[in-house]
Amino acid sequence: MDMDKGMDMDMGFSAGEEQWRAHSGTLRQVVRQELVSRQLAAHLPDLPPRRVLDIGCGQGTQALGLARRGHSVTGLDSSPRLLDDFRAAVAAEPVEVGDRVRLLHGDAEQLAGMFAPSSFDVVLCQGVLMYFPDPGPLLDAIGQVLVPGGILSLLVRNGDALAMRPGLLADWDNVERAFEGDSYLNRIGVHARADRLADLTTALGRREMRVRAWYGVRVFTDTVASDAALPDAETLGAILRCEERAGCTDPYRRVAALLHLIAERR
């Protein structure tokens with residue numbers, strides 16, 4: 001989720017949280033969540049069941065999907081309201097699914113102190129790293145709680161294509177700013193930071209996490225209106241097929257708004 005997880009950044013997300021909640025079922029967000037789910041499924045089979053930690057779980061779209069597939073999920077988030085949304089979603093599920101979900105209120109900065117080393121087989125950190133001015137400590141903590149051979153699903157803003165969205169929207173002032181740095185103003189009005197694929201791959205490698213695969217997310221639909229509703233089922237299916245293909249094909253994936261990295265701890 002596009003969530004603020006640093007001290008000053010966390011206050012920024014609080015200002016944009018209502019926007020996030022209001023747009024959770026829109027086209028842009030559905031495309032994002034569905035693509036990430038499909039990409040992760042290619043690397044995470046249903047069996048054997050895994051212990052999953054979702055950092056910045058929000059309303060639980062990804063975590064709940066994994067619980068339905070039989071995995072045991074721990075959701076960590078700093079927003080009580082979003083955790084309440086997650087609890088409401090869990091309450092509508094069969095009992096056996098709910099029994100596989102544990103929700104914790106806390107900041108990502110507390111990660112290393114909350115869990116023992118090698119506590120999880122899978123860690124999701126999706127749309128969180130972009131709110132850390134220095135992502136190093138969080139990456140350190142992820143490497144600590146992940147078992148050897150464990151999988152990390154990391155979703156970040158694509159720093160190599162930061163000028164694409166404002167350019168396609170003819171927002172020339174922000175195009176020039178994007179060329180000059182790695183920060184941007186996101187759709188919920190919060191300043192965030194982008195990551196470049198090569199730099200992030202190196203940073204993960206230093207922490208004994210090897211990038212197994214990477215994908216682009218929202219190649220074609222990033223510029224649609226924030227409140228754009230879902231189209232009919234046939235059109236949505238076509239959008240998802242095209243986005244999924246572009247997300248794993250060069251050169252398209254390199255200009256996607258988001259990058260989804262699948263890494264494995266050595």
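## Close-up views of a predicted model

**View 1. Strands β4 and β5 lie side by side and run the parallel way.** In this close-up, β4 and β5 pair in the parallel sense, with six bridges between them. One place to look is Val 122, which has Ile 151 of β5 as its bridge partner. Please keep in mind that the model is predicted. Together with α7, these two strands form a β-α-β unit that is right-handed.

**View 2. Strand β5 also pairs with β9, this time antiparallel.** Seven bridges hold the pairing of β5 with β9. To find your way along it, start at Val 156, which stands opposite Leu 259 of β9. How much of β5 is buried? Ten of the twelve residues in β5 are buried, so the strand is mostly covered.

**View 3. The largest nonpolar core of the model has 31 residues.** Leu 111, Leu 138, Leu 152, Leu 154 and Leu 204 are the residues with the most contacts inside this core. At least two core residues come from each of β1 (51-55), β4 (120-126), α7 (136-145), β5 (146-157), α10 (197-206), β8 (209-217) and β9 (258-265). Which of these elements gives the most? That is α7, with five residues. As general background, nonpolar side chains in soluble globular proteins tend to be buried together.

**View 4. Leu 138 and its surroundings are shown here.** Setting aside neighbours within four places in sequence, Leu 138 is in contact with Ile 55, Ala 108, Leu 111, Cys 125, Val 128, Leu 129 and Phe 132. If you move on through the model, you will also meet a second, separate core of 25 residues, and among its members are Tyr 131, Ala 163, Val 175 and Ile 239.

**View 5. Helix α10 has a buried side and another side with exposed residues.** Four residues of α10 are worth picking out as buried: Leu 197, Leu 200, Ala 203 and Leu 204. Why do they sit on the same side of α10? They cover an arc of only 130° around the axis, and this puts them on the same side of the helix. The spacing has a simple background: an α-helix has 3.6 residues a turn, so residues three or four places apart point the same way. The cover over the buried residues of α10 includes α7, β5, β8 and β9. On the other side of α10 you will find Ala 198, Asp 199 and Arg 206, which are exposed. After the helix comes Glu 208, with a positive phi near 60°.

Note on methods:
Residues are numbered from 1 along each chain as its sequence is written. This is a predicted model: local features need pLDDT of at least 70, side-chain atom pairs count only at pLDDT 80 or more; totals for chains, interfaces and linings use all residues. Side-chain values use heavy atoms; hydrogens and water are left out. A nonpolar core is a set of buried Ala, Val, Leu, Ile, Met, Phe, Trp, Tyr and Cys residues joined through side-chain atoms within 4.5 Å. Buried means under 20% relative accessible area, exposed over 50%, partly exposed in between (1.4 Å probe, protein chains only). Contact means heavy atoms within 4.5 Å. Two strands pair if DSSP finds at least two bridges between them. A crossover is right-handed if, with the strands pointing away from the viewer, the path from the first strand over the helix to the second runs clockwise. The arc is that of the directions from the helix axis to the C-beta atoms.
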